[in-house]
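Visitor: I'd like a close look at a single part of this protein, with enough of its surroundings to see how that part fits in. Could you walk me through it?

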Amino acid sequence: MQGQADLFLGVVETAPPIQKSATPRIPVSRQEQKRTFRLHPADFETAVDALESSGQYRVLRRLQPRPVVAPRISVPGERIAVIVDTETTGLDQTRDEIIEIGMVAFSYHEDGRIGDVVGTYSALREPTVPITPEITRLTGITSEMVKGHTIDLDAVEAFIQAAHLVIAHNARFDRPFCERLAHGFSLKAWACSHAEVSWSDFGFEGSKLGYLLSQCGWFHQGHRAVEDCHALLEVLVAPLPGNTDCAMSHLLASARKALLRIWAEGSPFDMKDNLKKRGYRWNDGTNGRPKSWFIEIAEDAYEAEMKFLRQEIYRRDVEPFTQRITAFERFRAAS
């Protein structure tokens, strides 16, 4: 049997060169014939099931907002929550303005089960400053779109009046803007689905809304306020991987817990790295809070935190300023 090297034995070095054609050939690319599948809409789900059952494909469905059920008969024991999202002219809660607000109200039970959508609200607002190209790129909202639009504050107050809980996916951002817009927001308990659900513990590699929604099998038009509210509702109601509960039940459990905010005022400067490593954050004092490092901990962790501060930071007996923070105070700009 000949090996590959044998193929070269006996080759005459003076072999004639390969003859080229007098007229150059024009290369012709052979296009593969495309196969077109024409399905009736009624067959779409069958096709999706076939793809996903193969284990080789994962299909995302366009999110269809849940219909509003109204009028309706209230179920004993149920409560009302409002998901809120804002689009703004920037990140500065003291200067920038809301250009769009979206809200979705829904019923829920104490165990986290979600019931009906009972109302939606969406409005654009023309700010006193031009909308920058960067904000337009992020939100899709232009100055032309909001021209002449205002938010009906009475309608906003009426919409949130019955809410037992207001939910945002970044409540630390949305709550201060909402409280500047309408006083009723400052009277409500707030929960943050971004910070108060341990997404990584359930196998998620991120906590951005678009990513979480895709992991639930949906896609949507992101960064428009009411669309993001509908998206978050589906994320909250979806079963968590490897868990019989939904995210809403874990969010409620977190929101019900009070936290202690400890201010390490006057801590030695050379201890800042130790505080930062421990989880302390710096507050510059411009928001009415102390100019100091601070941390928020569970109530049952208080004694351990005092031991850390006294032995490793101050190295003396101290009683730092401590606040008890509930869902009614959490995520405020200056709480």
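Visitor: Where is Arg330 found?

Guide: Happy to take you there. Please keep in mind that this is a predicted model. Arg330 is found in the segment after β11. With a relative accessibility of 1%, Arg330 counts as buried, because the cut-off for that label is under 20%. The side chain of Arg330 makes a polar contact with the side chain of Glu196, at 3.4 Å. If we leave aside neighbours within four places in sequence, the residues in contact with Arg330 are Arg175, Trp190, Glu196, Ser254, Ala255, Lys257, Ala258, Leu259 and Ile325.

Several of those names lead into two sheets, and we can take them in turn. Ile325 belongs to β11 (322-325), which is an edge strand of an open sheet. That sheet has four strands in the order β9-β10-β8-β11, and the pairing is antiparallel. The other edge strand is β9 (281-283); β9 and β11 each pair on one side only. On average, neighbouring strands of this sheet are turned by 30° against each other, direction ignored.

Leu259, another contact of Arg330, sits in strand β8, which covers residues 259-264. Strand β8 pairs with strand β10 (residues 292-298) in the antiparallel sense, and six bridges join them. Within that pairing, Ile262 stands opposite Ile295 in β10. Helix α10 (residues 302-313) packs on the sheet, where it touches β8, β10 and β11. The direction of α10 makes about 10° with that of β8.

The loop between α10 and β11 holds Arg315, a residue with a positive phi of about 60° although it is not a glycine. Arg315 has a relative accessibility of 64% and counts as exposed, because that value is over 50%. For contrast in setting, turn to Phe331, found like Arg330 in the segment after β11. Phe331 also has a positive phi, of about 75°, although it is not a glycine. Yet Phe331 counts as buried, at 4% relative accessibility.

Phe331 takes us on to Pro176, because the contacts of Pro176 beyond four places in sequence are Gln93, Ala171, Phe331, Arg332 and Ala333. Pro176 is found in helix α5, residues 171-181, a range that also includes Arg175, one of the contacts of Arg330. Pro176 is buried, with a relative accessible area of 5%. Pro176 and Ser186 are 10 residues apart in sequence, and their C-alpha atoms are 8.8 Å apart in space.

Now for the other sheet, which we reach through Trp190, a further contact of Arg330. Here five strands form an open sheet in the order β4-β3-β2-β5-β6, with mixed pairing. At the edges stand β4 (114-124) and β6 (190-192); each has a single partner strand, so one side of each is left without a neighbour in the sheet. The twist averages 25° from one strand to the next. Trp190 falls in the range of β6, as does Cys192, which counts as buried at 2% relative accessibility.

Further into this sheet, strand β2 (residues 79-88) and strand β3 (residues 98-108) pair in the antiparallel sense over 10 bridges. One of the facing pairs joins Ile80 to its bridge partner Ser107 in β3. Helix α7 (residues 225-237) lies across β2, β3, β4 and β5 (165-168), and runs at about 30° to β3. In the loop between β1 (61-62) and β2 you will find Pro71; the peptide bond from Ala70 to Pro71 is cis, with omega near -5°.

Let's step back to the protein that surrounds Arg330. Its secondary structure comes to 10 helices and 11 strands, and 40% of its 335 residues count as buried. Among contacts with a separation of 6 or more, 67% are between residues 24 or more positions apart. The accessible surface comes to about 20900 Å², and 53% of it belongs to carbon and sulfur atoms. The structure holds zero disulfides.

To return to where we began: Arg330, in the segment after β11, is buried at 1% relative accessibility, and its side chain makes a polar contact with that of Glu196.

Definitions and conventions:
Residues numbered from 1 in each chain as written. Predicted model: local features only at pLDDT ≥ 70, side-chain atom pairs only at ≥ 80, totals over all residues. Heavy atoms only, no water. Pairing = 2+ DSSP bridges. Helix = DSSP H or I, 4+ residues; strand = E, 2+ residues; numbered from the N terminus. Axes fitted to C-alpha atoms, helices over the stretch in contact; angles between N-to-C directions. Contact = heavy atoms within 4.5 Å. Buried < 20%, exposed > 50% of the residue type's maximum accessible area, 1.4 Å probe, protein only. Polar contact = N/O pair within 3.5 Å; in protein donor to acceptor, adjacent residues only side chain to side chain. Areas by Shrake-Rupley, 256 points an atom, 1.4 Å probe, with all protein chains shown as cover. Disulfide = S-S within 2.5 Å.
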